[in-house]
Amino acid sequence: MMKNFLNRDRFLTILENVNIWDVIIIGGGATGLGIALDSSSRGYKTLLLEQSDFSKATSSRSTKLVHGGVRYLAQGNIRLVYEALQERGFLLKNAPHLVKKQKFIIPVFNWKMGILYWTGLKLYEWLSGSLSFGKSRFLSKDEIVRNFPEIKSKELKGGILYYDGQFDDARLAINLAQTCVQKGGILLNYFQVENLLKKVGNKISGVVACDLETQKKYSISSKIVINATGVFSDSISKMDESACPIFIKPSQGTHIVLDKSFFSSSNAIVIPKTQDGRILFCVPWHDHVLVGTTDTFLEKSVLEPIPLEEEIDFILQTFNKYFVFHTKKSDILSAFSGLRPLFVSNNSYFSTKTKDISRSHKLMISSSGLISIIGGKWTTYRKMAEDTVNKAIEIGKFNKIPSVTKNLKIYGSDFSYKSQNSHWNKYGEDEYHIKKLIDKDPLLGASLVSKNSSSYTEAEVIWMVRYEMARTIEDVLARRFRLLFLNAKKAIDIAPKVASLMAQELSRDEKWEKSQVESFKELAMRYYYPSV
């Protein structure tokens with residue numbers, strides 16, 4: 001057994017042999033994983049519990065950008081932009097196998113607006129300082145058309161090129177989990193916290209949690225409990241104080257994925273002001289194009305949000321306004337939504353515009369000692385984690401050990417790869433291990449999607465189950481392969497083969513296999529827009 005890899009059985013054995021943890025983190029998204037890594041790398045005894053799979057909710061459904069947030073400059077939130085640009089630089093340095101510099105172009109149809117964008121982007125570039133990704137510059141109309149042959153050029157004046165970052169969110173989540181394990185942390189997925197333990201004086205002393213695979217319940221003691229459940233933070237807070245006020249207002253962001261024939265450029269485009277004032281991105285991603293996002297308030301947080309028809313219509317109408325195609329719903333290969341956990345004060349709770357609510361993170365400490373981290377964004381996950389662990393040290397009266405994550409290489413980054421195939425590059429050093437499985441059994445090199453493809457292989461599925469804690473078809477096809485997010489129909493087509501491979505690895509029966517395929521197909525149909 002490879003000790004530094006994700007192995008649920010090994011982690012359960014450790015759980016049963018530890019009397020008290022220093023820190024328990026509830027939630028396995030970007031924030032929770034970041035906190036677990038920061039805590040374990042400082043040497044604290046750290047346990048993370050996630051009710052589903054790592055990054056199942058918000059953290060696998062982003063626009064795949066590592067960025068300062070150009071639009072936050074317009075709101076005057078310079079501190080947030082500066083912090084995010086610093087963190088963007090650290091991420092590129094610490095996870096170069098997943099984070100890359102990406103060219104973005106803003107088309108200009110009005111010179112007055114062009115000068116405004118130019119000024120903002122020069123400030124953006126200046127704020128990044130020595131961690132700058134590259135210099136912005138004006139492009140002529142001809143250069144824009146060369147970059148984007150599909151763009152409508154009638155009123156186009158030119159454009160501005162600037163640099164930002166792009167990454168694979170769910171893959172980074174897995175790598176953060178692996179790095180945490182290397183540093184001595186323990187993580188369990190499909191492990192739901194059902195209640196909080198309290199001692200005399202109403203102080204939190206741990207959690208009651210259920211292993212959803214076996215239904216076995218555990219009372220787990222710890223010195224500090226951190227609520228990092230994002231859009232579900234209020235549900236944990238209510239376990240602590242039943243009359244807890246609401247501080248989360250979920251906002252839904254929807255994206256669609258199209259074939260690259262609709263957008264052949266390797267550069268991304270930003271439509272800075274759409275009909276309702278939102279920004280729209282068109283970003284090349286895994287040989288497809290990702291278009292989004294929307295910003296719609298929802299009343300309730302759910303684990304599997306569904307794109308609203310008006311969101312899909314808005315994205316298609318805006319895309320068609322700027323590009324020559326008449327793109328239809330039947331052209332969508334996959335559509336998905338994620339919920340943003342926006343922190344609101346009493347003053348902003350009734351705001352009607354999500355863009356008016358800050359993306360800064362907030363730390364809240366209840367009278368019982370529960371620490372809740374709310375808000376924030378993927379790019380700043382490391383700084384959020386550092387702030388949270390600093391607060392845990394203060395409340396738990398731990399020995400003060402400084403954070404080391406600014407210069408901590410993320411698992412996968414220590415691999416000098418030669419492959420130009422982004423599908424394999426994302427594995428970093430694990431590419432070597434997976435290909436060793438194929439060397440031992442060449443049949444495992446067979447592609448699940450096409451006879452001519454060398455990606456989406458059987459060996460990868462086996463690797464994901466053995467060493468990345470994939471427990472369901474969805475874990476493999478949505479978050480480790482990303483295929484559900486890229487092409488829902490292809491994901492449905494290969495689900496039975498994935499189920500068969502997983503059943504062998506997990507010692508599951510035919511009934512489990514059938515149930516997995518049925519439930520995955522039902523889920524995937526929510527991402528899929530067949531001909532209409």
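# Strands, cores and salt bridges

Visitor: Which way do the residues of strand S2 (residues 46-49) point, and are they buried or exposed?
Guide: Thr 46 and Leu 48 point one way from strand S2, Leu 47 and Leu 49 point the other way, and all of them are buried, that is, under 20% relative accessible area, where exposed is over 50% and partly exposed is in between (1.4 Å probe, protein chains only). This is a predicted model, in which local features need pLDDT of at least 70 and side-chain atom pairs count only at pLDDT 80 or more, while totals for chains, interfaces and linings use all residues. Residues are numbered from 1 along each chain as its sequence is written, and side-chain values use heavy atoms, with hydrogens and water left out.

Visitor: What makes strand S1 (residues 20-26) and S2 a pair?
Guide: Strands pair if DSSP finds at least two bridges between them, and S1 and S2, which run parallel, are joined by 4 bridges. Val 23, for example, has Thr 46 as its bridge partner in S2. Between S1 and S2 the chain passes through helix H2 (residues 30-41), helices being DSSP runs of H or I with at least four residues and strands runs of E with at least two, numbered from the N terminus.

Visitor: Why is strand S13 (residues 280-285) called largely enclosed?
Guide: 6 of the 6 residues of S13 are buried, so the rest of the structure largely encloses this strand. Leu 280, Cys 282 and Pro 284 lie on one side, with Phe 281, Val 283 and Trp 285 on the other, so that both faces are covered. S13 pairs in the antiparallel sense with strand S12 (residues 268-271) over 3 bridges, and with strand S14 (residues 288-292), also in the antiparallel sense, over 5 bridges.

Visitor: Where does the largest nonpolar core lie?
Guide: Domain 1 (8-58 + 171-246 + 346-407) and domain 2 (94-166 + 249-341) both contribute residues to this core, so it lies between them; the domain bounds come from an automatic or database assignment. A nonpolar core is a set of buried Ala, Val, Leu, Ile, Met, Phe, Trp, Tyr and Cys residues joined through side-chain atoms within 4.5 Å. Of the 62 residues in this core, Leu 49, Val 207 and Ile 220 touch the most other members, and helix H7 (residues 169-182) gives the most to the core, with 7 residues.

Visitor: How do you know that Lys 122 and Glu 125 form a salt bridge?
Guide: The rule asks for a side-chain nitrogen of Lys or Arg within 4 Å of a carboxyl oxygen of Asp or Glu, and in this pair the closest N and O atoms are 3.2 Å apart. Because they are 3 residues apart in helix H5 (residues 111-128), about one helical turn separates Lys 122 and Glu 125. Lys 122 counts as partly exposed at 29% relative accessibility, whereas Glu 125, with a relative accessible area of 16%, is buried.

Visitor: What makes Glu 505 and Arg 466 a link between parts that are 39 residues apart in sequence?
Guide: Their side chains meet in a salt bridge at 2.8 Å, N to O. Glu 505 lies in helix H16 (residues 488-506) and Arg 466 in helix H13 (residues 458-467), so the pair ties these parts together. Glu 505, with a relative accessible area of 27%, is partly exposed, and Arg 466 counts as partly exposed at 33% relative accessibility.

Methods. Right-handed = clockwise from strand over helix to strand, strands pointing away.
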